[in-house]
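Here are my comments on the model, set out as numbered points. Please read them with the sequence and the structure open beside you.

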Amino acid sequence: MNTPKPSAQPGSDGSQPWLHQRGRTIQEFGTVKQFPVALSMDTRLYSCQRLNKVLADTRILHDLYKKYHWLMRGPTFYQLHLLLDKHAGEQLELIDTIAERVQTLGGVAIGDPRHVAEITTVPRPPDGVEEVPAMLSRLLEAHELILTECHDAAARTQDLGDDGTNDLLVSEVVRTNELQAWFLAEHLVDTPLVHV
């Protein structure tokens, strides 16, 4: 149904934007539309649900990386400040890739950060500044949550024949999170810089 546009105000040149518009929802979150990608509706729906969960957790992990990048303290400030920003950038790339996979399957990628907060299982950190080891530990815990979810989702999507989602989860999300977890964990090893 086409809704007629209101007529221009008298004397207007027609360049006035029509502000405060609202539209009807044309696809609900949690649904998939039919796409010719040779996967059943049920498979695509399942994959989108799992991907949106990974997407929500990844968005929170990205934000934690940015928060801790800003709040970093102490003698390793410079190195960790740069490392956390690099990891945040890599997580941001994953966010876009995961969201586009949901869309490719005919789903609706989770977008609003308030909706993300409802779905994520990554625990909320204190609003203030924690000590550096606690910040790094929180990042590691978030990585492990995402990796646990991805391993299970990858196995299930493989069983369902969704090779694209399986490949994304294994080749990109798992490998990126494993590598980042390794870099973080090595900062929590209590070893001297020199031996006497």
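**Notes on the predicted model**

1. The buried residues of helix α2 have a cover that includes α1, α4 and α5. The model is a predicted one, and the points below should be read with that in mind. The residues of α2 that count as buried are Leu80, Leu83, Leu84, His87, Ala88, Gln91, Leu94, Ile95, Ile98, Ala99, Arg101 and Val102.

2. Helix α2 covers residues 77-104, and its 28 residues reach 40 Å from the first C-alpha to the last, close to the 40 Å expected at 1.5 Å a residue. The helix is followed by Gly106, which has a positive phi, near 90°.

3. Helix α4, made up of residues 132-159, also has 28 residues, and its span of 41 Å between the first and last C-alpha is close to the expected 40 Å. Just after α4 comes Gly161, where phi is again positive, at about 85°.

4. The largest nonpolar core holds 44 residues, of which Leu84, Ile98, Leu139, Leu169 and Val173 touch the most other members. Two or more residues of this core come from each of α1 (41-71), α2, α4 and α5 (163-185), and the most come from α4, which gives 11 residues.

5. Ile98, one of the residues that touch the most other core members, repays a separate look. Leaving aside residues up to four places away in sequence, Ile98 touches Leu51, Val54, Leu55, Thr58, Leu168 and Val173. Ile98 is itself among the buried residues of α2.

6. On the surface, Phe77, Tyr78 and Leu82 form a nonpolar patch, and together they have about 310 Å² of accessible area. Leu82 belongs to helix α2, and this residue counts as partly exposed because its relative accessibility is 43%, which lies between the 20% and 50% cut-offs.

7. There are 9 salt bridges in the structure. Side chains of opposite charge can pair when their charged atoms come close. One of the bridges joins the side chains of Asp152 and Arg50, with an N to O distance of 2.7 Å. This pair links distant parts of the chain, since Asp152 lies in helix α4 and Arg50 in helix α1, 102 residues apart. The two partners should be described separately: Asp152 is partly exposed because its relative accessibility is 41%, whereas Arg50, at 13%, counts as buried.

8. A second bridge to examine is that between the side chains of Lys53 and Asp57, with N to O at 2.3 Å. Both residues lie in helix α1, 4 residues apart, which is about one turn of the helix. Are these partners buried or exposed? Lys53 counts as buried because its relative accessibility is 16%, and Asp57 is likewise buried, with a value of 0%; both values are under the 20% cut-off for a buried residue.

9. The side chains of Asp127 and Arg124 also meet in a salt bridge, at 3.0 Å from N to O, and here both Asp127 and Arg124 are exposed. Elsewhere, salt bridges with shared partners join Arg50, Glu149 and Asp152 into one network.

Methods. Residues are numbered from 1 along each chain as its sequence is written. This is a predicted model: local features need pLDDT of at least 70, side-chain atom pairs count only at pLDDT 80 or more; totals for chains, interfaces and linings use all residues. Side-chain values use heavy atoms; hydrogens and water are left out. The expected span of a helix is 1.5 Å times one less than its number of residues. Patches are made of residues with over 30% relative accessible area and no salt bridge: like charges are joined within 9 Å, nonpolar side chains (Val, Leu, Ile, Met, Phe, Trp, Tyr) within 5 Å. Accessible areas come from the Shrake-Rupley method with a 1.4 Å probe; for residues, only the protein chains shown count as cover. A salt bridge is a side-chain nitrogen of Lys or Arg within 4 Å of a carboxyl oxygen of Asp or Glu. Buried means under 20% relative accessible area, exposed over 50%, partly exposed in between (1.4 Å probe, protein chains only). A nonpolar core is a set of buried Ala, Val, Leu, Ile, Met, Phe, Trp, Tyr and Cys residues joined through side-chain atoms within 4.5 Å. Contact means heavy atoms within 4.5 Å.
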